[in-house]
Amino acid sequence: MRIVIALGGNALLRRGEPLTVENQRQNTKIACQQIAKVYPGNELVIAHGNGPQVGLIALQSLSYTDVPSYPLDVLGAESIGMIGYMIMQELGNLLPLETPLATLLSQVEVDKNDPAFMNPTKPIGPVYTKEEAEKLAKEKNWSIAPDNDQYRRVVPSPIPKRIFEIRPVKWLLEKGTVVICAGGGGIPTFYDDDGTLKGVEAVIDKDLCSAVLAKQVAADIFIIATDVSATFVNWGKPNQHAIKKAHPDTLEKMGFAAGSMGPKVQAAINFARENPGKSAVIGSLADIDDIVKGIAGTKINTSFSAELTYY
């Protein structure tokens, strides 16, 4: 099968962990140990988040005041290259020696008039106390928003339309390459009025972009790997239930938190709807081999009935 795996940010840096290279490398190693389990006999395309990393690089850029700080699209490209390098190295240590791996920087087209530019919602960087966040917002002209019991910087998150480098991705897959691309949701770009392609200050949602990627490479299955075993009804309550199978229309009516499961569910819905008969699965990275076998995670497919199936 051709499998697109979207790695959650927690796979690379756990919430509250110091943003050190050592921590990121260790988490990447753990993630790659799981991915390696589903390599035999399959074609792999790996996407990943970059929220904490791009936020850190932005802070480092701001600390050097002799030149203007670099824009988010450039910082995003830096973080994508860094993370791709770590994935290639750690996965390369686990797969057969002759396995080719490649990281591609992915420019992703967005609408320059997307309403997201007027309403920043995408969290990046580390978490702060309310007092720290308010101070930074004032000093650096940031937008901030609550993140559970703390606060983070938020930036615009426009909807991805297409990935410009999709042909090289397909060429690499045809040669048996494990491809890492669309990192961090890709680098947001749009065409200016004169037809020039340019970067924009934003961060695209990784899961929504990964759904576009999965469609454009004709994936057989799209896996959104996170730190929970499935999508749940009544999450966090005594009567919570893990969903096994769902039709995209049913799932869409349920409503999931915009700051956590919401984008993952929407990305899965998008893929299932645009690829009738193919499945998107939301589940734990630790269960990825069982997800591929079809016995773990929440599977979303247009062929399912309107009634939810639970574990």
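## A first look at strands, a patch and a pocket

Ile-221 stands opposite Ser-279 in strand E15. That pair of residues is a handy way into this predicted model, and the strand to follow from there is E12, which covers residues 221–226. After E12 and its partners, this briefing visits an open sheet, a nonpolar surface patch and a pocket.

**Strand E12 and its partners**

- E12 pairs with strand E15, residues 279–284, in the parallel sense, and six bridges link the two.
- Strand E1, made of residues 2–7, also pairs with E12 in the parallel sense, here over five bridges.
- Within the pairing of E1 and E12, you can find Ile-5 standing opposite Ile-223.
- How much of E12 is buried? Six of its six residues are, so the strand is mostly covered, with buried here meaning under 20% relative accessible area.
- Cover reaches both faces of E12: Ile-221, Ile-223 and Ala-225 are buried on one side, while Phe-222, Ile-224 and Thr-226 are buried on the other.

**An open sheet of four strands**

- Elsewhere, four strands form an open sheet in the order E8-E4-E10-E11, and their pairing is mixed.
- Which strands sit at the edges of this sheet? They are E8 (162–163) and E11 (197–199), each of which pairs on one side only.
- Strand E4, residues 107–109, runs antiparallel to E8, and two bridges join them.
- To see this contact up close, look for Val-108, which stands opposite Ile-163 in E8.
- As a general reminder, the strands of a sheet pair through backbone hydrogen bonds, in either a parallel or an antiparallel way.

**A nonpolar patch on the surface**

- Tyr-64, Val-67, Tyr-70 and Val-74 together make a nonpolar surface patch of about 370 Å².
- One member of the patch, Val-67, is found in the loop that lies between helix H2 (51–63) and helix H3 (72–92).
- Why does Val-67 count as partly exposed? Its relative accessible area is 40%, and partly exposed covers the range between under 20% (buried) and over 50% (exposed).

**The second largest pocket**

- The second largest pocket holds about 300 Å³ of space.
- Its lining is made by 19 residues, and those nearest the centre are Leu-72, Asn-141, Trp-142, Arg-153 and Glu-201.
- Which elements give two or more residues to this lining? They are H2, H3 and strand E7 (150–155).
- H2 and H3 may look familiar, as they are the helices on either side of the loop that holds Val-67.

Notes. Residues are numbered from 1 along each chain as its sequence is written. This is a predicted model: local features need pLDDT of at least 70, side-chain atom pairs count only at pLDDT 80 or more; totals for chains, interfaces and linings use all residues. Side-chain values use heavy atoms; hydrogens and water are left out. Two strands pair if DSSP finds at least two bridges between them. Patches are made of residues with over 30% relative accessible area and no salt bridge: like charges are joined within 9 Å, nonpolar side chains (Val, Leu, Ile, Met, Phe, Trp, Tyr) within 5 Å. Accessible areas come from the Shrake-Rupley method with a 1.4 Å probe; for residues, only the protein chains shown count as cover. A salt bridge is a side-chain nitrogen of Lys or Arg within 4 Å of a carboxyl oxygen of Asp or Glu. Buried means under 20% relative accessible area, exposed over 50%, partly exposed in between (1.4 Å probe, protein chains only). On a 1 Å grid over the protein atoms alone, a cavity is a set of points where a 1.4 Å probe fits but cannot get out, and a pocket is an open set with protein on both sides within 12 Å along at least five of seven lines; lining residues have an atom within 4 Å of a point. Grid points are joined across faces, edges and corners, and a volume is the space filled by probe spheres set on the points.
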